[in-house]
Amino acid sequence: MRVNCSSSSACTANSSEGELPVGLEVHGNLELVFTVVSAVMMGLLMFSLGCSVEFRKLWAHIRRPWGIAVGLLCQFGLMPLTAYLLAISFSLKPAQAIAVLVMGCCPGGTISNIFTFWVEGDMDLSITMTTCSTVAALGMMPLCLYLYTLSWNLEQNLTIPYQNIGITLVCLTIPVAFGIYVNYRWPKQSKIILQIGAIVGGVLLLVVAVAGVVLAKGSWNSDITLLTISFIFPLIGHVTGFLLALLTHQSWQRCRTISLETGAQNIQMCVTMLQLSFTAKQLVQMLSFPLAYGLFQLLDGFLIVAAYKMYKRRLKNEHRKKDTGCAEGCHKKKSTSLKETGAFLEVNEVAVTPGPSVPMDCHTAFESTSHISSSTYA
């Protein structure tokens, strides 16, 4: 059966029931809200984060794309393989397995860029990886889905949302290019824009998360297995991405960047692809996974940022203690040196002073005088 649903009404016509199932009644509103908010969020974030990108460093990543190559290997090598293994290991239903696999084949999302900024990662590499993975998704998504679903005997042909990928590219490249130009012409103002954009981006991330929970409250599936996978999947992506970057001798800054890029997926693209490929009845079993994945990747990102801030504060305290201890040690050493120098000078002064002490002088002088007088009178 070939299904190509682009709207709720089309999906209703293909379903066996005349009405939408419970939980998808607000599906159209959910799609509209996510589309508008995601577009606004992406534009603001990419413009503000583009203000931190220097064209010289960006060009250096393009000329020597080792970090980009490692990131793409994580994105379209590790993540689809992890999704396939999770679907097989947990014996998921066909519809749920497809949802997990589609999520694993999606490119990186813009959420990774703002988390990379918060952990002081390589912003040039992060934005380049997001853009390159989105471009590569035009060919890698169909290839990965074809390879991993050969043995699944799917009834539906998965529809790749090329239009959505094109819109994502436009929303990425134009704001980033404008931000790079602002950083080149007005570097001082770009720092202010970057700080404001980071705060606004964090607020918008929370708004998207709350809107997703409220509007999709009827679409949630209480399947514990699916929720468990949505929890561990981004964690596996972060860990494996970090380890692969470490094994390829990337810097610590790049390791953090590649880790965040690997675990963060484009949720909107996954939801759009599922809508285009399956009926409303099937979406009841599938839609909860990308929503749960989005919430858990937000939670994981905030935990990673918090852990990094605590680690950085701990290092700063240790350095402060070392500096204080060094200063005290230098002060004590200096005081001891001054005391030794003073004692040395006192000893030398006593040694150089001519004549014995005063009592000896008086006694010796009296004896000498008496001896002289006796000799004279004699």
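Q: At which residues does UniProt place the feature "transmembrane region"?
A: The model shown here is predicted, whereas this feature comes from the UniProt record, where the entry is unreviewed. The record places "transmembrane region" at residues 32–55, 67–92, 98–118, 125–148, 160–184, 196–218, 224–247 and 290–311.

Q: How far apart are the end C-alpha atoms of residues 125–148?
A: Residues 125–148 are among the spans that UniProt lists as "transmembrane region". In the predicted model this span is 100% helix and 0% strand, and its end C-alpha atoms lie apart by 29 Å.

Q: What percentage of the chain over residues 160–184 is helix?
A: Residues 160–184 are another span carrying the UniProt feature "transmembrane region". Here the end C-alpha atoms are 37 Å apart and strand accounts for 0%, while the helix content is 92%.

Q: Which helix gives the most residues to the largest nonpolar core?
A: The largest nonpolar core has 39 residues, and Val100, Val102, Met141, Phe233, Leu274 and Phe289 have the most contacts inside it. The elements that give two or more residues to this core include helix H4 (66–89), helix H5 (94–105) and helix H14 (288–352). With nine residues, the element that gives the most is H5.

Q: Which elements give two or more residues to the nonpolar surface patch made by Val36, Val40, Leu44, Ile192, Ile196 and Val200?
A: These six residues make a nonpolar patch of about 490 Å² on the surface. Ile192, one of them, has its place in helix H9. The elements that give two or more residues to the patch are helix H2 (27–50) and helix H9 (187–215).

Key
Residues are numbered from 1 along each chain as its sequence is written. This is a predicted model: local features need pLDDT of at least 70, side-chain atom pairs count only at pLDDT 80 or more; totals for chains, interfaces and linings use all residues. Side-chain values use heavy atoms; hydrogens and water are left out. Patches are made of residues with over 30% relative accessible area and no salt bridge: like charges are joined within 9 Å, nonpolar side chains (Val, Leu, Ile, Met, Phe, Trp, Tyr) within 5 Å. Accessible areas come from the Shrake-Rupley method with a 1.4 Å probe; for residues, only the protein chains shown count as cover. A salt bridge is a side-chain nitrogen of Lys or Arg within 4 Å of a carboxyl oxygen of Asp or Glu. Helices (H or I, at least four residues) and strands (E, at least two) are DSSP runs, numbered from the N terminus. A nonpolar core is a set of buried Ala, Val, Leu, Ile, Met, Phe, Trp, Tyr and Cys residues joined through side-chain atoms within 4.5 Å. Buried means under 20% relative accessible area, exposed over 50%, partly exposed in between (1.4 Å probe, protein chains only). UniProt positions are given in the numbering used here, feature names are shortened, and annotations may be inferred rather than shown by experiment.
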